[in-house]
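Please open the model in a viewer and keep the sequence panel visible. The tour below proceeds by selection, with a note at each stop on what is to be found there.

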Amino acid sequence: MKQVEDSEILALFANESTRHEAFSLLVKKYQQKIYWHIRRMVVDHDDADDLVQDTFVKVWKYLANFRNDSQLYTWLYRIASNECLTFLNKKKQKNNVSIDEMPYDLSDTLADSTQLSADKIQLKLQKALCILPEKQRLVFNMKYYDDMKYEEMSQVLGTSVGALKASFHIAVKKIENYLMNND
Amino acid sequence: MNEDWREEAPKLAAMEKINPFLVPEGYFEKMHEQLQAQISIHQFDNQQDFFQLPDQYFDTLEGQISSRVKLEQLVGNAAGEVFSVPENYFESLEDKINAKIGITGKKQSNIRKLTSSWITYAAAACITAVLTFGIYNYRTLKTANVESQIAQLPEEDIVNYLQLYSDAGDVQALASNMELVPEASELIPEISDSEIEKYLQSNL
């Protein structure tokens, strides 16, 4: 199936009569990428589902104001990332837990067998990811799982390429250390 | 992708890059419908003309609120005291009135008693005496009245009454009274003991 170009989606969305059609194409094209990006951050499916819907509702609301100075998909990732960070901060405040405790809360969700279909090594990797600070985890996920370029990640997170490279390498070292020392 | 990190993290590099998370069946197929529903709700919420407003409503709203606040303040004051009085007004009011009517200070007025105490005691004694005399006369008259009425009854009626209604207690009372009546004690010797015994056996 031929992928619809972003420019075509934006053109259709600009027209009132084809706005819904354009949005439908956009959702179909990006729903899985956005979902997995969010899911890797919040771990729980129901939380991810809520955040995906919130993300696309915001896309619908602000797409008319979208400027072509960035790629559409980095713009979508930016909205989704902000939704994740806001959600995780609210969850921390609600549960009155410190930043250090939060990863173990996610780690508990990982222990739920309905959430994961993975062997022990994959579960260990996900637990290792949970010990990373949220922004560092975002960087690692976008690089490791989505093969995103640092320049694109810079657009998503509003951080310099150099800082992102450093952040990714620190994340890799932490994960390697966790894998080595937790059997 | 820059693969430098593989040398620094061989254990991570050796791992297969897979997605370990599960999603409910048909989730992505239904996602589009769910999003459309969310968008519809969002559009409904944002309909500017859904609620009709009078012209220039917000222009006059501030003035209306100010007027309402002033009115509430007035009503609030009315619930307490509308008028104020000088401090300690009521404490000095009595003195002012007394001064106007010619009474100075708070003199204890001397009111002459119309009756002396011995008259009170004498009156109480009279009332007690009258009441005592009245009660005594009432009881005496009542007793005499009953006795005189019984005296007028024929003896035969009294005997019949006693035969019908007397009990063992009445016998003792009758016997004691009979001792006091000399005529009755004189009659007894004329009746033999056996007759008396028969009488008592048949009647008691």
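**Stop 1: Helix 7 of chain A and its surroundings**

This is a predicted model. Begin by selecting helix 7 of chain A together with its neighbours: the cover over its buried residues includes helix 2, helix 4, helix 6 (120–130), helix 8 and helix 9 (161–181) of chain A. Helix 7 itself spans residues 134–144 of chain A and is mostly covered, with eight of its 11 residues buried. To display the buried set, select A:Arg137, A:Leu138, A:Val139, A:Phe140, A:Asn141, A:Met142, A:Lys143 and A:Tyr144.

**Stop 2: Helix 4 against helix 8**

Two of the covering elements, helix 4 and helix 8 of chain A, form the next selection. Take residues 72–95 for helix 4 of chain A and residues 150–157 for helix 8 of chain A; their axes lie 8 Å apart and the helices pack at an angle of about 50°. Helix 4 and helix 8 of chain A are therefore oblique to each other, and their crossing is right-handed.

For the side chains, show A:Thr74, A:Tyr77, A:Arg78 and A:Ser81 on helix 4 of chain A, which meet A:Glu152, A:Gln155, A:Val156 and A:Leu157 on helix 8 of chain A. Colouring this contact by class gives three nonpolar, three polar and two charged residues.

**Stop 3: Helix 1 against helix 2**

Move next to residues 6–14 and 19–42 of chain A, which are helix 1 and helix 2; their axes come within 7 Å and cross at roughly 150°. That angle makes helix 1 of chain A roughly antiparallel to helix 2 of chain A, since the cut-off for this description is an angle over 145 degrees. The crossing of these two helices of chain A is left-handed.

Which residues make the contact of helix 1 with helix 2 of chain A? From helix 1 of chain A, select A:Ile9, A:Leu12 and A:Phe13; from helix 2 of chain A, add A:Arg19, A:Glu21, A:Ala22, A:Phe23, A:Leu25 and A:Leu26. By class, the contact of helix 1 with helix 2 of chain A comprises seven nonpolar and two charged residues, with no polar ones.

**Stop 4: Chain A as a whole**

Now widen the selection to the whole of chain A. Nine helices and zero strands make up its secondary structure. Of the 183 residues in chain A, 31% are buried. Among the contacts in chain A between residues at least 6 apart in sequence, 57% join residues at least 24 apart.

**Stop 5: Chain B and the side that touches chain A**

Switch to chain B, which has 10 helices and zero strands. How much of chain B is buried? Buried residues account for 3% of its 204 residues.

Finally, show both chains and select the contact between them, which takes 30 residues from chain A and 21 residues from chain B. On the chain B side, helix 1 (5–8), helix 2 (10–14) and helix 3 (27–45) of chain B each supply at least two residues. Helix 3 of chain B gives the most to this side, with eight residues. Coloured by class, the side of chain B that touches chain A shows 14 nonpolar, five polar and two charged residues.

Key: Residues are numbered from 1 along each chain as its sequence is written. Chains are lettered from A and ligands numbered from 1 in the order in which they are written. This is a predicted model: local features need pLDDT of at least 70, side-chain atom pairs count only at pLDDT 80 or more; totals for chains, interfaces and linings use all residues. Helices (H or I, at least four residues) and strands (E, at least two) are DSSP runs, numbered from the N terminus. A residue is buried if 20 or more other C-beta atoms lie within 10 Å of its own, exposed if 12 or fewer, and partly exposed in between; C-beta atoms are placed from the backbone. Two residues are in contact if their C-beta atoms, placed from the backbone, lie within 7 Å. Ala, Val, Leu, Ile, Met, Phe, Trp, Tyr, Cys and Pro count as nonpolar, Asp, Glu, Lys and Arg as charged, and the others, Gly among them, as polar. Axes are lines fitted to C-alpha atoms, for helices over the stretch in contact, and angles run from 0 to 180 degrees between N-to-C directions. Angles under 35 degrees count as roughly parallel, over 145 as roughly antiparallel, 65 to 115 as roughly perpendicular and the rest as oblique. A crossing is left-handed if the near helix is turned anticlockwise from the far one by less than a right angle, and right-handed if clockwise.
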